[in-house]
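Q: Please go through this model with me, and for each label explain what it rests on.

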Amino acid sequence: MELDMAADELKSVLNRLKRAQGQIAGIIRMIEEGRDCEDVITQLAAVSRALDRAGFAIIATGLQQCMAEGEQPAADRNQMRARLEKLFLSLA
């Protein structure tokens, strides 16, 4: 399955991922500085949510593309549905 995202969708996902990248760097610094465990866990949870949201946005785009390509043979649609379901569950 190719991911053909519109520029605004792609920008949003990339922004989420870049923000998560910055959060991870911050978490590494927190650990190196011996920061409070609760603060570290709070930041880990935040970055996890950001990554999940990026993943769900990508899956939603895939679903939207599948719906737009509704004229596919049933076997292809079923195969795509199974692949998208597997991707969705990998984030759940």
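A: Helix α1, which spans residues 7-32, is a good place to begin, since this helix gives the most to the nonpolar patch, with 5 residues. The model is a predicted one, and its mean pLDDT is 82, with 83% of the residues reaching 70 or more.

Q: Which residues make the nonpolar surface patch, and what makes them count as a patch?
A: The patch is made by Leu10, Leu14, Leu17, Ile24, Ile28 and Leu51, and covers about 460 Å². Residues are taken into a patch when their relative accessible area is over 30%, and nonpolar side chains are joined within 5 Å. Leu10, placed in helix α1, has 38% relative accessibility, and this value is over the 30% that a patch residue needs.

Q: Why is Leu10 called partly exposed?
A: Buried means under 20% and exposed means over 50%; Leu10, at 38%, falls in between and therefore counts as partly exposed.

Q: Why do Asn15 and Thr42 count as partly exposed?
A: Asn15, found in helix α1, has a relative accessibility of 36%, and Thr42 has 43%, so each value lies between the 20% and 50% limits and each residue counts as partly exposed. Thr42 lies in helix α2, which runs over residues 37-68.

Q: How far apart in space are Asn15 and Ala54, and how far apart are Thr42 and Ile27?
A: Asn15 and Ala54 are 39 residues apart in sequence, and their C-alpha atoms are 9.0 Å apart. For Thr42 and Ile27, which are 15 residues apart along the chain, the C-alpha separation is 9.7 Å.

Q: What makes up the largest nonpolar core, and what makes it a core?
A: This core has 6 residues in all, namely Ala20, Ile27, Met30, Val40, Val47 and Ala50. The elements that give two or more residues to it are α1 and α2. The set is called a core because its members are buried nonpolar residues joined through side-chain atoms within 4.5 Å. In soluble globular proteins, nonpolar side chains tend to be buried together.

Q: Which residues does Val40 contact, leaving aside its neighbours within four places in sequence?
A: Val40 is in contact with Ile27, Met30, Ile31 and Arg35. Ile27 and Met30 are, like Val40, members of the largest nonpolar core.

Q: How many helices and strands does the protein have, and in what pattern?
A: There are 3 helices and 0 strands, and along the sequence the pattern reads α-α-α.

Q: Which element has the lowest mean pLDDT, and which the highest?
A: Helix α3, residues 74-91, has the lowest at 77, whereas α1 has the highest at 90.

Q: What share of the residues is buried, and what share of the accessible surface belongs to carbon and sulfur atoms?
A: Of the 92 residues, 21% are buried, while 56% of an accessible surface of about 6800 Å² belongs to carbon and sulfur atoms.

Definitions and conventions: Residues numbered from 1 in each chain as written. Predicted model: local features only at pLDDT ≥ 70, side-chain atom pairs only at ≥ 80, totals over all residues. Heavy atoms only, no water. Helix = DSSP H or I, 4+ residues; strand = E, 2+ residues; numbered from the N terminus. Buried < 20%, exposed > 50% of the residue type's maximum accessible area, 1.4 Å probe, protein only. Patch = residues over 30% accessible without salt bridge, like charges linked within 9 Å, V, L, I, M, F, W, Y side chains within 5 Å. Areas by Shrake-Rupley, 256 points an atom, 1.4 Å probe, with all protein chains shown as cover. Salt bridge = Lys/Arg side-chain N within 4 Å of Asp/Glu carboxyl O. Contact = heavy atoms within 4.5 Å. pLDDT = per-residue confidence, 0-100.
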